[in-house]
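Thanks for asking me to look this over. Here are my notes, in the order I'd talk you through them.

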Amino acid sequence: MPKKAFYEHLEVSAAVKDEFVHSIERIELVAVLKESSIHVPAGETVAEVDVLGIHLKDDAAASVPLAAIDLIARSIPNKLLFACFSEGKCKLVVRRGKLYKTEWVPQDKVRLQLQGSTLDELWDSLGAQAVFGDADPSDFAGRLQRKGELESLREQLKKLQKKRQAERQIARRNALWDQIKSVENRIAELEAR
């Protein structure tokens, strides 16, 4: 796929164009997952999943061009799973509301399971592999919501702990302690699910 098509025909910032030009070597269509190609019926919302290979330039391996990938994901109507390749390693990236990515893994160790009786379930399974490291498509939306809430609570906890350390008034420190315990309890509750 010509990478120029994305930054020449769409309105992009200079930083995003720079990612296309300096970070991405080439973009290729690796697989098209649809009823006619894999004999899994279309779902209510998903008719096709495309797997795009993003080959990064050697000097760009440290930083995946997430802004460019997000632009591609928003500009193509099909569901997209990205496989970023650099120096013999692969990182999966998927957009499910926001971008999620795996760690770098040696290319020969990357395996995707096509699990699900419809393309909706298959899409959730692929998303689960990129977000959670497993292929279980069940309750993907709920798991994703819990993950987002956990990330938010952990950030809130850090801020409360920092604020409590700086606070000098005992009554305010105690009130912050109560808030910290409440957040910790909610985190423990979500992690137990």
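The points below start with one strand and its partners, then turn to backbone angles.

1. Quick reminder before you dig in: this is a predicted model.

2. Let's begin with strand β4, which covers residues 89–96. Is this strand mostly covered or mostly open? Mostly covered: of its eight residues, six are buried.

3. Now have a look at β3, residues 79–86, which pairs with β4 in the antiparallel sense over six bridges. If you want a spot to click on, F82 stands opposite V93 in β4. The two strands form a hairpin, with two residues between them.

4. β4 also pairs with β5 (residues 98–101), again antiparallel, and here there are four bridges. V93 turns up once more, standing opposite K101 in β5. This pair forms a hairpin too, with one residue between the strands. G97 sits in that turn and has a positive phi of about 90 degrees.

5. Don't skip β6, residues 105–106: β4 and β6 pair in the antiparallel sense over two bridges. Here C90 has V105 as its bridge partner.

6. On to the angles. Most residues other than glycine have a negative phi. E87, in the loop between β3 and β4, is not a glycine, yet its phi is positive, about 50 degrees. Is E87 buried or exposed? It counts as exposed, because its relative accessibility is 56% and the cut-off is over 50%.

7. H39 is another one to check: it isn't a glycine either, and its phi is positive at about 60 degrees. You'll find H39 in the loop between α3 (35–38) and β2 (48–56). H39 is exposed, with a relative accessible area of 67%.

How values were computed
Residues numbered from 1 in each chain as written. Predicted model: local features only at pLDDT ≥ 70, side-chain atom pairs only at ≥ 80, totals over all residues. Heavy atoms only, no water. Buried < 20%, exposed > 50% of the residue type's maximum accessible area, 1.4 Å probe, protein only. Pairing = 2+ DSSP bridges.
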